[in-house]
Structures are given as structure tokens and as C-alpha cells.
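Student: Hi! Could you walk me through this fold at the bench-talk level?
Tutor: Happy to, let's open it up.

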Amino acid sequence: MKRPLDLRHVVSPALRDLIELANLEDFDRVTEQVRNVRGCTRPVNLVGHTTTLDTATRTVVRAYSTADEPTGRLLTTCGNRRASRCPACSRVYAADTYHLIKAGLSGGKTVAEDVRTHPRVFATLTAPSFGPVHNRPTTPSGKPLDCRCGRRHAEDDPALGTPLAPASYDYTGAVLWNAHAGALWARFTIYLRRELAAQLGITQKELKAALRVSFAKVAEYQKRGLVHFHAVIRLDGPDGHTTAPPPWATLDALDHAVRAAARRAQLTIDSDAVGERVIAWGDRIDVREIKALGDGELTDQKVAAYVAKYATKSAEGSGTVDRTLVCRPCAGRGYTSGPDGFRDLCADCDGTGQAEPLRDLQVQQHVRQMIRTAWALGHLPEFADLKLWKWAHMLGFRGHFSTKSRAYSTTLGALRDVRRTWRTTQAEAARTRAGHLAPDESTALLTESSWAYLASGYRPGEELLAAQVRHDLTDAERRRTEGESWQ
């Protein structure tokens, strides 16, 4: 048994904790757990056990318990898709999204390769203007031109996307547009089917019996703080990607239907405070054919990579924060209720309902004003269902960043199941190599598990190990990229 170490002379808490971990009986298992989560920023700590029994003999085939771990718990990845929160898990999410999108374009992952012959386009739908903003116009050849303010902005100029005249900018319209963008997309898909039927000269019932419209989309924030959607839209047979569309369902018909549906789709909202508002797409609608793999600029691979890139991003690309601004103790109400039913001013937020004062946010004035507008609109009775105060940090947008229709291709769940099965197979193979007998395939097995959440994050010493893992992964990625560039 190792003697306890005297670490009073070690100043760094993280280094002191790492030395304590290194003094454990099985330090290799500690480092193995950290490596297994591949540098996850805030891994989930679990405690519990799993026991697999032979149902016939009730003998234990295999057993695992966190009580046998050196640290008494098991680390597992947080699974956060946002790159600003966990780069490691977001890379996995982006890779899964890439394979999901690409499978719907060129086949694979249970999708037949014939899907690449189906008519498909890459459509971009944007928000309308709510006032002139600083921009960076270019000539057809890409040469930058002067902005309307008279200056020629650099690509990284923080003024890009901010209003030329903030006092007259329609912040209310911008926030409400973001809040209804998801519903507007749903309305667009309805009109898309209607326009397609009209273009093909058939009824909507006949259209539904003959073909299906499949799509996958991703939301991206513009510099001005408004979302726009990039979507892969494809025509299939009535059963989805497994069947081909009829010959008369052409690319031209799809192109025309997308443009017409985008012009028609709109929502009307009415409020005593802000009046009547029409929520509609902007004039800039881009619809381009997706060429076969390796043929043309807009290929299957490029589209899949583009969608996957934005699937892990959030609103922070427009300069806002990536955390909720709602005070957790009072849930944004500004008060807490005691056992006697009386309301007391929330001591954490002084009655504002805000986790941090909006005036103190380290963001541009344009972004702060959008946040303030979302917060104020969210407390109006007619907009209570939008919960804009909850989504103020998202500038009002409350939809999913990445969505797809049911029959587009495979699912993220299916991809994760395949990865889980592969890891289980690898673990079984390792157990067999270590001398453990694998259960007979004909044996009926019963698995009993009990797990509980303990905490999130690393011990200070484990954080040092995780930082090394992140460095190694980044260095390996850099070397791979440089190797591909050299070739």
C-alpha cells in the first residue's frame, strides 16, 4: 500500500490533485477514462452498476460497477452539439450530420445509391430587411465595394451587420421574425407541395400518392442577428428515398415550386402593443441544383460539409452570448414564493428576472438592443407563448438548428446505435483477448442496470489530462490537414 503523500508544498490545486490521482492503485484507468471521452469539456459523472445474467442458470456472465473504478465514478461525454460549449462533442455531432446529409444525396447508411438520380436542389431562404445595415458589397469578380456609409469594410469589421441608423431600425420586427422563423418554414413546406401540384397539373391528393418531398435544413445566423435557412430539398417516390419519383417530377418543376412557395408563404400576427405584422421571407432566394458527386461546384460532398458546419453553431456567430439570461432561482419571474404564498423579491436578480444585467453584457449595442427587445416582448401577454425572455440570448429564435423530414435518409439515433454497437463489439473482443470467455450466442441474457447522475466536469487533475488529450487531437487533425494539402 502506497504511503500518503505530503502535498502541502504544491501550490497548484490541479497539480496537487493530479499527483494524488497518480498515487492511486490504477492510474492507467483514470487516464483511460479521460481519453475515452476525447477531451469533452464537461463530461457527465455517473455512478451505478450493470450486471448481465444467463437467464437459464442465473450465473453472472459479466458485471461492472463504478465502485471498482479508482475514482468511484464513470465519465461519459456531455453530447452537446454546440462548438462554443464542447468542441469535442460538437465534432462528433458534425460528423454524424455530415453522414446523414450525404446519405440523402449519394446513398449509404441504409440509403440506396439511386437516390443521387432524384431531382434535388440546395435552397437558401433569408429574412427581409428591417433597416439598412453596414455591409460589404462586391463586384461579380469578388472585388469589395464601398458600403452605403461611404467606407469599405474589412471582412472582420465589427460594424458589419449593424444598423446604419439604429434609431429607426425595426428591432421589434427583427425579433418577431426570428421567433416565427420555424413556423414560417413549416408554412413554406405546405405551400411547396401546393405549388408543386399546380406546376405538375395534378391535385394535392394525386401528388401525395405519386411522390414525396423530402428535405434536410440547417439554420445560420447572419451578422445582423437574423437567421436564414439552408435546405436540401429532394423529390422521391411515395415511400421516400427507397423509391424513385415519377419521370414527370422534374428538376425544373421543383425549382419553380420552391421559388413560388417562398414568395407565397407568410404569417400574420396581431398585437395591441406592436400592431399587425406580416412575417415573410426576404427577396433574396437562392435555389441551385445539386450536381452528381464530383460534377460541378455544388456537389454532394460540399453540400453535406456545409450543412454539417453550421449544425454545431449557435447564435454566438452574430455576436450574442451562448447562455440563457434567465435567473434560475426565480425562473425569470423576479420573485420567489414562500410557503405562506407571499411573494418575495428575488435576492439573486433584485427583481429583474435576469441572471446578469443586460447593460453589462459584453456585446455590441446592436445585439444588446435585440436582446432587450426580445426580453420586453416576451413579457407582453400576447407573446407569452413565444417565451421570448427565455430565448432572448438567441435574439428570439427558438427553433431547432438542424431538422429533416422523416424519409430523407437515416437518423442521428441510428448512426449512434451503430457506433455504440461497434464499441460494444470492440470491448467484447478486448475481453476475449484478455482471457474472458465470450457468452454463447444461443444463450439468453438478461441485463440489469442501475445508474444515477453524480455531477458534471472533471476533477482538477483530470482537467490537466483532458487538456493534453485535446492538444493531441488538435495536433493530429492539423497534421492530417497539412498532409492532405501537401498531397
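Tutor: One term before we start: two strands count as paired if DSSP finds at least two bridges between them. Keep in mind that this is a predicted model.

Student: OK, so which residue is the bridge partner of F215 in β6?
Tutor: That is I233. The two strands involved are β5, residues 212–221, and β6, residues 227–236, and they pair in the antiparallel sense over ten bridges.

Student: What order do the strands of that open sheet have?
Tutor: The order is β9-β4-β6-β5-β12, so five strands with antiparallel pairing.

Student: Which strands stand at the edges?
Tutor: β9 (285–289) and β12 (402–404). Each has a single partner strand, so one side of each is left without a neighbour in the sheet.

Student: And by how much are neighbouring strands turned against each other?
Tutor: By 15° on average, ignoring direction.

Student: Let's talk about β4. How many of its residues are buried?
Tutor: Six of its six residues, so β4 is mostly covered. On one side you have R120, F122 and T124, on the other V121, A123 and L125, and all of these are buried.

Student: How many bridges does β4 make with β6?
Tutor: Six, in the antiparallel sense. For example, T124 in that strand has H230 in β6 as its bridge partner.

Student: What about β4 and β9, how many bridges there?
Tutor: Five, and that pairing is antiparallel too. Here F122 stands opposite R288 in β9.

Student: Which helices lie across these strands?
Tutor: Helix α4, residues 171–200, lies across β4 (120–125), β5 and β6, at about 25° to β6. Helix α6, residues 251–264, lies across β4, β6 and β9, and runs at about 15° to β4.

Student: At what angle do α4 and α8 pack?
Tutor: About 70°, with the axes 9 Å apart; helix α8 covers residues 365–378. Angles of 65 to 115 degrees count as roughly perpendicular, and that makes α4 roughly perpendicular to α8.

Student: Which residues meet there?
Tutor: From α4 there are Y171, T172, A174, V175, L176 and N178, and they meet H366, Q369, M370, T373, A374 and L377 of α8. By class, this contact has seven nonpolar, five polar and no charged residues.

Student: Switching topic: where is T51 found?
Tutor: In strand β1, which spans residues 44–54.

Student: Is T51 buried or exposed?
Tutor: T51 is buried, because its relative accessibility is 18% and the cut-off for buried is under 20%.

Student: What does T51 touch?
Tutor: Leaving out residues up to four places away in sequence, T51 touches V60, R62, A63, L446, T447 and E448.

Student: And how far apart are T51 and V61 in space?
Tutor: They are 7.8 Å apart, C-alpha to C-alpha, and ten residues apart in sequence.

Terms used:
Residues numbered from 1 in each chain as written. Predicted model: local features only at pLDDT ≥ 70, side-chain atom pairs only at ≥ 80, totals over all residues. Heavy atoms only, no water. Helix = DSSP H or I, 4+ residues; strand = E, 2+ residues; numbered from the N terminus. Buried < 20%, exposed > 50% of the residue type's maximum accessible area, 1.4 Å probe, protein only. Contact = heavy atoms within 4.5 Å. Axes fitted to C-alpha atoms, helices over the stretch in contact; angles between N-to-C directions. Parallel < 35°, antiparallel > 145°, perpendicular 65-115°, else oblique. Nonpolar A, V, L, I, M, F, W, Y, C, P; charged D, E, K, R; others polar.
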